[in-house]
Amino acid sequence: MVTFTACRSEPELVRPARPTPQETKALSDLDDQLSLRFYESIVGFFRGPPGESVRPGKVAKGIKAAVAGALVYYYPMAGRLQKIPGGNKLEVDCTGEGVMFVEAAADVRLEDLGQPLVPPYPCVEEFLADAGDTRDVVGKPLLFLQVTQLKCGGFVIGLHMCHCIADGFGILQFIKSIADFACGELIPTTLPVWKRDIFIARMPPSISHVYLAYKPFLRGLDCTDDDVMLSTPPESMEVQYLFFGPKEMEILRSHVPEHLSKTTTTFELLTAVMWRCRTIALGYEASQKVRLMFTLNTRGRSIKGESAVPRGYYGNAHFSPLVEVIVDELATKPLAHIVELMHKVKLETTKDCMKSMVDLMALWRERSPFGMDRTYKVSDTKWVGGNALQFGKAEFVAAGTPHAGDFTSKLISYHTKCKNKDGEDSTVVSILLPKLVMEKFTKEMAIWLKK
């Protein structure tokens, strides 16, 4: 694997191109979850226009100006988080101070990073600016963005974005706005909507309709802190990336009935298989409860004919359904059983459920953080990329969530879209496990992928 060191400029603050309102903005109770107080990391790779030479620094200067233009519309991102006196709640102070920007160059070609370009990306830290402690979000820039020009004319955009301000879809919407300005647009294609009051807890709160698997935690049960995933130090953990192309997916779909196979997504099928193999490899006792937590985006989701989230909303708009079974049930029941449990908990996401979950997040913010032992967390990020990440004539090549930045967020398995060596659309999934467990997990997965 190629190694290199990027040559970076001094970090500088990029302010909105025009004066913006000086005010405070309330976060929603989904934004202000304790578990989201960190910086999410994303890298995107672009190939320069064929036959065109690119002057050193040209790309970075263009994107820097585009960031300033986008911040006029996304001006809360140019502010700082601050604590509200008398509690544990945060708000945005729209100071207009700006976001951190770094211009860089790397003596490497896009082709040197891998063909096809898939995780783990080589020297990925070289494409990311230094955000300091990625769990410290108060009083700091909300975005750290680095643009690295490659010697082939391509470039890489790497960023750390405060998760309290935007979720993955919101980050992508902001990047698309930067691309709009870089391509000469005068306003963003999608105008941003703040409207964080749609996910504010009720007074008094009511948690009667939370996902069923959350209820034991409300009674203080099942929090034993005896999970090897939580007790193993980072240096004893290992990350691997599993690739699933059309051939692998055909094999896995053969393990569920045909009627279910047609309605089961790639994400659901891979998650069910990997949860089972991971649980067996970790060696939990047969009678212990294990949990699967996955993200469910509410954008575009209609509940009783009403859209849950307005177009242009860039705040956190995802919930985390939870499936709970005992180890023996997960290890011995047909794969279809696990898939059906995922389908069932998705159907629990009613309007009343969402309101109760918002109330619950607000209550938990004011209490000591809880630990969910033996919980496998999964997020589908295959939507990153495509036409949403076009910068002029530059060709989008790949993007994903790298194994960099905040460590605890990497306990999540991320599903990312990629091309395999044959050029076929594929899915790559990250998995973090103790080194001694990873070999067992790999063997379990191999059993499912045999014809």
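A nonpolar core is a set of buried Ala, Val, Leu, Ile, Met, Phe, Trp, Tyr and Cys residues that are joined through side-chain atoms within 4.5 Å. The structure considered here is a predicted model, and the largest such core in this model contains 66 residues. The residues with the most contacts inside this core are Y214, F244, M274, W275, M357 and F441. Helix 7, which spans residues 266-282, gives the most to this core, contributing 10 residues. A second core, separate from the largest one, has 53 residues, among them Y75, I157, I165 and A399.

Attention may now turn to the sheet. Strands of a sheet pair through backbone hydrogen bonds, either parallel or antiparallel. In this model, 3 strands form an open sheet with antiparallel pairing, arranged in the order 3-6-5. Strand 3 (24-26) and strand 5 (80-83) stand at the edges; each has a single partner strand, and therefore one side of each is left without a neighbour in the sheet. On average, neighbouring strands of this sheet are turned by 40 degrees against each other, direction ignored. The antiparallel pairing of strand 3 with strand 6 (residues 90-93) extends over 3 bridges. Within this part of the sheet, T24 has D93 of strand 6 as its bridge partner.

Nonpolar residues are also found on the surface, where L186, I187 and L191 form a patch with about 330 Å² of accessible area together. L191 lies in the loop between helix 2 (168-182) and helix 3 (215-218). Residues between 20% and 50% relative accessible area count as partly exposed; L191 belongs to this class because its relative accessibility is 47%.

Conventions:
Residues are numbered from 1 along each chain as its sequence is written. This is a predicted model: local features need pLDDT of at least 70, side-chain atom pairs count only at pLDDT 80 or more; totals for chains, interfaces and linings use all residues. Side-chain values use heavy atoms; hydrogens and water are left out. Two strands pair if DSSP finds at least two bridges between them. Helices (H or I, at least four residues) and strands (E, at least two) are DSSP runs, numbered from the N terminus. Axes are lines fitted to C-alpha atoms, for helices over the stretch in contact, and angles run from 0 to 180 degrees between N-to-C directions. Buried means under 20% relative accessible area, exposed over 50%, partly exposed in between (1.4 Å probe, protein chains only). Patches are made of residues with over 30% relative accessible area and no salt bridge: like charges are joined within 9 Å, nonpolar side chains (Val, Leu, Ile, Met, Phe, Trp, Tyr) within 5 Å. Accessible areas come from the Shrake-Rupley method with a 1.4 Å probe; for residues, only the protein chains shown count as cover. A salt bridge is a side-chain nitrogen of Lys or Arg within 4 Å of a carboxyl oxygen of Asp or Glu.
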